[in-house]
Amino acid sequence: MMNMSDLRLDIHTHTLASGHAYGTIREMAAAAAERGLDVIGFSEHGPGLPGTCDPFYFLNLSAIPRRLHGVEVVHGCEVNVLDGGVLSLPQRYLELLDYAIVGIHPPCYREAGAEKNTDNLISCMKYEKVCFVSHPDSDSTPLQYGRLVQAAKEYHVALEVNNSSLRNPERRPGCVKNYREMLGLCRRHGVPVIVNSDAHDPSAVGRFDAALALLNEEGFDPALVLNTDTGRFKRFIGMEA
């Protein structure tokens, strides 16, 4: 049984730079400190979503302190999967990140059915720096979970359990049943997951209640949850622990 205190990091969060989020970097880090987190990751949306930052934003990440309010800062990007299975952020910018998250977002993606959606997502999982898949959970862009989990194992990618999806299931139809299927396959094949808040406001940073409830209901092995060990997370993304 996992508790909130077992999860030491939240690496899928958005600040004002994403265009539809409402906290500054320092406000988000302060919230992480209040929640007792060790690490916060800022993963602004990549090109393709209305209002998000220009890729130039990622050229200056070194200006951000690596520790704010006593919380370690890591840098990512939630990069959009585009039609044809390509990423919306060029490789030269990916190389500047600690990690990349890839995800399907309908404003910049044309729904193509479960087989092709899965093809496109798997294609994007092969890129260097891609470590995670965001919210693979909605019937609006269905996926073939057997193939997705096998690809995650092959390409050393962790699949996300997104707390925001589970707190707002009407916006992500089918997410509960889809996560149950995905978690069962991850458990069977030893594929790790990462739990994230997908916070777009400081009030949501480090909020994992709905995701934890589902993981505990499913009896999911804490050893397969990357958030439970900061060193293991850093090794997973290629940072020194």
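Is Phe233 buried or exposed? Phe233 counts as buried, at 0% relative accessibility. Good morning, colleagues. The model I am presenting is a predicted one, and I shall speak about its aromatic rings, its cavities and two residues of its backbone.

Let me stay with Phe233. Its ring forms an aromatic pair with that of Phe132, and the pair is stacked, with 6.2 Å from centre to centre and 10 degrees between the planes. Distant parts of the chain are linked by this pair: Phe132 belongs to strand β7 and Phe233 to helix α8 (residues 230-237), and they stand 101 residues apart. Phe132 also counts as buried, because its relative accessibility is 1%, under the limit of 20%. Both residues take part in one aromatic cluster, together with Tyr99 and Phe236.

Aromatic pairs number five in the structure. One of them joins Tyr57 and Phe58 in an edge-to-face arrangement, 5.3 Å centre to centre and with 85 degrees between the planes. How exposed is Tyr57? With a relative accessible area of 26%, Tyr57 is partly exposed, whereas Phe58 is buried at 1%.

I turn now to the cavities. There are two cavities of 30 Å³ or more. The largest holds about 70 Å³ of space. Its lining includes Leu121, Val133, His135, Asp137 and Arg172. By class, five of the lining residues are nonpolar, five are polar and two are charged.

The second largest cavity holds about 40 Å³. Which residues line the second largest cavity? They are Phe42, Glu44, Tyr57, Leu61, Ile64, His75 and Gly76, so Tyr57, already named for its pairing with Phe58, appears here again. Strands β2 (39-45) and β4 (71-82) are the elements that each give two or more residues to this lining. Its classes are four nonpolar, two polar and one charged.

Finally, the backbone. His135, one of the residues lining the largest cavity, has a phi near 30 degrees, a positive value in a residue other than glycine. Where is His135 placed? It sits in the loop between β7 (130-133) and α4 (145-155), and it is buried, at 8% relative accessibility. Asp198 likewise has a positive phi, near 55 degrees, and is not a glycine. Its place is in the loop between β9 (193-196) and α7 (209-217). Asp198 counts as buried because its relative accessible area, 10%, is under 20%.

Thank you for your attention.

Methods. Residues are numbered from 1 along each chain as its sequence is written. This is a predicted model: local features need pLDDT of at least 70, side-chain atom pairs count only at pLDDT 80 or more; totals for chains, interfaces and linings use all residues. Side-chain values use heavy atoms; hydrogens and water are left out. Helices (H or I, at least four residues) and strands (E, at least two) are DSSP runs, numbered from the N terminus. Buried means under 20% relative accessible area, exposed over 50%, partly exposed in between (1.4 Å probe, protein chains only). On a 1 Å grid over the protein atoms alone, a cavity is a set of points where a 1.4 Å probe fits but cannot get out, and a pocket is an open set with protein on both sides within 12 Å along at least five of seven lines; lining residues have an atom within 4 Å of a point. Grid points are joined across faces, edges and corners, and a volume is the space filled by probe spheres set on the points. Ala, Val, Leu, Ile, Met, Phe, Trp, Tyr, Cys and Pro count as nonpolar, Asp, Glu, Lys and Arg as charged, and the others, Gly among them, as polar. Rings of Phe, Tyr and Trp (its six-membered ring) pair if their centres lie within 6.5 Å; planes under 30 degrees apart count as stacked, over 60 as edge-to-face and the rest as tilted.
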